[in-house]
Number of protein chains: 2
Amino acid sequence: MPVFLNTRDADFEPRFRALLEAKREDAPDVDATVASIIEDVRARGDAAVIELTERFDGVRLTAATLAFSAEEIDAACASVPDDEREALELAAERIRAYHARQTPDDARWTDPEGAELGWRWSPVEAAGLYVPGGLASYPSSVLMNAIPAQVAGVERLVICAPTPGGAVNPLVLLAARLSGVETIYRIGGAQAIAALAYGTETIAPVDKITGPGNAYVAAAKRRVFGKVGIDMIAGPSEILVIADADNDPDWIALDLMSQAEHDESAQAILVTDDAAFGQAVAQAVLKRLEMLERRAIAGASWRDHGAVIVVRDLDEAAEISDRVAPEHLELCVADPDALAAKVRHAGAIFLGKWTPEAIGDYVGGPNHVLPTARSARFSSGLSVLDFMKRTTLARMTPRALKAIGPAAEVLARSESLQAHGLSVAARLARLNREGQG
Amino acid sequence: MPVFLNTRDADFEPRFRALLEAKREDAPDVDATVASIIEDVRARGDAAVIELTERFDGVRLTAATLAFSAEEIDAACASVPDDEREALELAAERIRAYHARQTPDDARWTDPEGAELGWRWSPVEAAGLYVPGGLASYPSSVLMNAIPAQVAGVERLVICAPTPGGAVNPLVLLAARLSGVETIYRIGGAQAIAALAYGTETIAPVDKITGPGNAYVAAAKRRVFGKVGIDMIAGPSEILVIADADNDPDWIALDLMSQAEHDESAQAILVTDDAAFGQAVAQAVLKRLEMLERRAIAGASWRDHGAVIVVRDLDEAAEISDRVAPEHLELCVADPDALAAKVRHAGAIFLGKWTPEAIGDYVGGPNHVLPTARSARFSSGLSVLDFMKRTTLARMTPRALKAIGPAAEVLARSESLQAHGLSVAARLARLNREGQG
């Protein structure tokens, strides 16, 4: 059974803290293994990648077959049924429209001293997207990673997607094609991350790596961070639903289960101001669990990490939610905008009862790559900005240098950085000699 | 002597590659030590921090003296000479004015299907700024880290600044006060990062940690990344100057030395289309090195990592610069804007000969915390955005759900995520029953 908490109970605080601090994932310590895989790929390139792929995925590749051929991709795309193709196209179109609004503005201005200041944004040149194999190989994630990169203007976009036992998901290849990715390597794990970061004879290195993965992928991303950019270290998915009694318990139960079915480590939390409604949702979950195909996974998630929290009112609900800082937050209340205004930390907010979280996973438009494990306190979902960088601009005129240069000299002296000061002083001396400025 | 390269030479490419790939820093492997320090601070809190501070900094603290008292800060601020106070105030004012323009806009719109979409930005609640002790304790860095956080609206800003042997830089305390930081802990190293990330009895945990530090600090930041946000793993400073022959060789020499004097691992590169000018700058560097206070450091940097690269023309200069992706890029040419437009990767660009890089270190306005070690290919300097996060918003109406919900159902089925599909289907079934939408 999930945890039932009530903020009125004397032991609420320690029990809520225990829920917050519970470790949901047994992260195996794969760091040493990953370090040696990375070293191997750096030293031996393609040969190492090919050997490791045979060992871990049971697939024998050559340098020539590391990437899918255009014919293979064509064939896979052609095999996708019409309804799935159309749904994927609608999703791609809506995701593109949303992300197109994120393109940041450049700026340039002249300040009162005559200094021209500003910044400009430019895209990363090359990005690599990691797509997990097996059950977690989601075409929707391909769109969510590749389209922001494409909108940002990334020139070279590649995918690494392992094909354990040779299995390929044709929808993943179609999603890649819909989002402008032409090169798809059938490799995975730490060896794929190493190849993307350092390059091999066949695989050109990229500047940024995004996408979810298992413990090996996560450890490898942490290790190559700095050599290349990474998105985030993703943890298991979470949802927190704030719902008042004016909701269908079955809808809320399904929303909770739509996270729980991802992973036994996923977490689904209901926060409600009505204890009886909380019980009704818990009943509805049990009923739905009887029929769900993934009931083993969803049931384990709900049993081990699920929670129903009864609060005094919606203000308190917002406070509780902020302490969780959930990846996904559903506000199934009469005035979801008013409640959203009280919330500070959430990856994505779904407003009102007609907005099940699953809409956001596929076709809503916003990105579904979102901060997990309370990291919404300090980080954001994936966006166009993740594939761009900002260069700051400054241009002094003689007048501006005369106005602010002396302060720089003083500060350089105070920091014992003599050449810093002299580089300003030499220019000011010329201006003073020439009477300019 | 620094490396002299000419793009016309047959061996240019391998020699330039060697320059790019040269390891400038001997990063000691302190990871195991750092891991045990972090565990110790998590397990024993204040006691561990106090013991480690005595061991590493030779300073005995108690829980009550972990932070500077208001009186100590008052006294330190009062001891700062007027010219230094005024220079610091000017710098703070200009940095604040620049960063105030970075506050991002929220967005909200309704799409043709009737879905309301958007996002909103909110500040991180608490941030910790690391300020190195000893020689690298720069008041300017306090401003550059704290002011963007303050502009972002961070409620609680704290500093950790070790005081090895009890030494305190009063300008650091004044800079903290000028940028809204009231709490300054006199602790450093991995123990300070651990305390900021996990909290102790006395030190409340923060959500984001920024600021430069030594190998221990860098390793600790890498380890706590995910539990809290971090800015970047900073490497030694770099400058690349593109200068034509119409420059004073002494100015360019001083600009190169203003990076070289930071650190023996710093790198200063001149790119010029005039070989004789390149020689003249190298001569000017040698002359300046005779008189610089930090000639041992600057000389070692120039000797081991400096370079003069002669190019055919300025287009080629931009290409070379992009391969370096320098932290600081000076464009001392007749039309710096035209050249800047050809550059893709740089942390900060200084336009024209009246803009020595040192202006940007102190009073220009843009941030001086910038991507090093070629990471300008994929990352940006510190900004207000580093202290904010974005929450995406979506609200479906019955009409919008009818329009796009079926595609979500198809995709959920294709990903074998049944509850995802059912959460949409249950709502659509109601609409169909009621004839709404």
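Two strands pair if DSSP finds at least two bridges between them. That idea helps in reading this predicted model, where two chains, A and B, meet along a shared interface.

**Strands across the boundary**

Strand β14 of chain A, residues 388-395, pairs with strand β13 of chain B, residues 348-351. The two run in the parallel sense, and three bridges join them. Within this pairing, what stands opposite B:F350 in β13(B)? The residue there is A:A394.

**How much the chains share**

Here is the interface in numbers.

| Feature of the interface of chain B and chain A | Value |
|---|---|
| Residues of chain B in contact with chain A | 125 residues |
| Residues of chain A in contact with chain B | 125 residues |
| Area buried between the chains | about 11,000 Å² |
| Salt bridges | 18 salt bridges |
| Residue pairs in polar contact | 73 residue pairs |

Carbon and sulfur atoms account for 57% of the buried area. On the chain B side, B:W354, B:F378 and B:R427 supply 8% of the area that this chain buries against chain A, more than any other three residues.

**Charged and polar links**

To look at one salt bridge up close, find B:D111 and A:R94: their side chains meet at 2.8 Å, N to O.

**What chain B brings**

Which helix gives the largest share of the side of chain B that touches chain A? Helix α16 of chain B, residues 398-414, does so with eleven residues. Taken as a whole, that side of chain B is made up of 63 nonpolar, 28 polar and 34 charged residues.

How values were computed
Residues are numbered from 1 along each chain as its sequence is written. Chains are lettered from A and ligands numbered from 1 in the order in which they are written. This is a predicted model: local features need pLDDT of at least 70, side-chain atom pairs count only at pLDDT 80 or more; totals for chains, interfaces and linings use all residues. Side-chain values use heavy atoms; hydrogens and water are left out. Contact means heavy atoms within 4.5 Å. Buried area is the accessible area (1.4 Å probe) that two parts lose on being put together, summed over both. A salt bridge is a side-chain nitrogen of Lys or Arg within 4 Å of a carboxyl oxygen of Asp or Glu. A polar contact is a pair of N or O atoms within 3.5 Å; within protein, one must be able to donate a hydrogen and the other to accept it, and residues adjacent in sequence count only if both atoms are side-chain atoms. Helices (H or I, at least four residues) and strands (E, at least two) are DSSP runs, numbered from the N terminus. Ala, Val, Leu, Ile, Met, Phe, Trp, Tyr, Cys and Pro count as nonpolar, Asp, Glu, Lys and Arg as charged, and the others, Gly among them, as polar.
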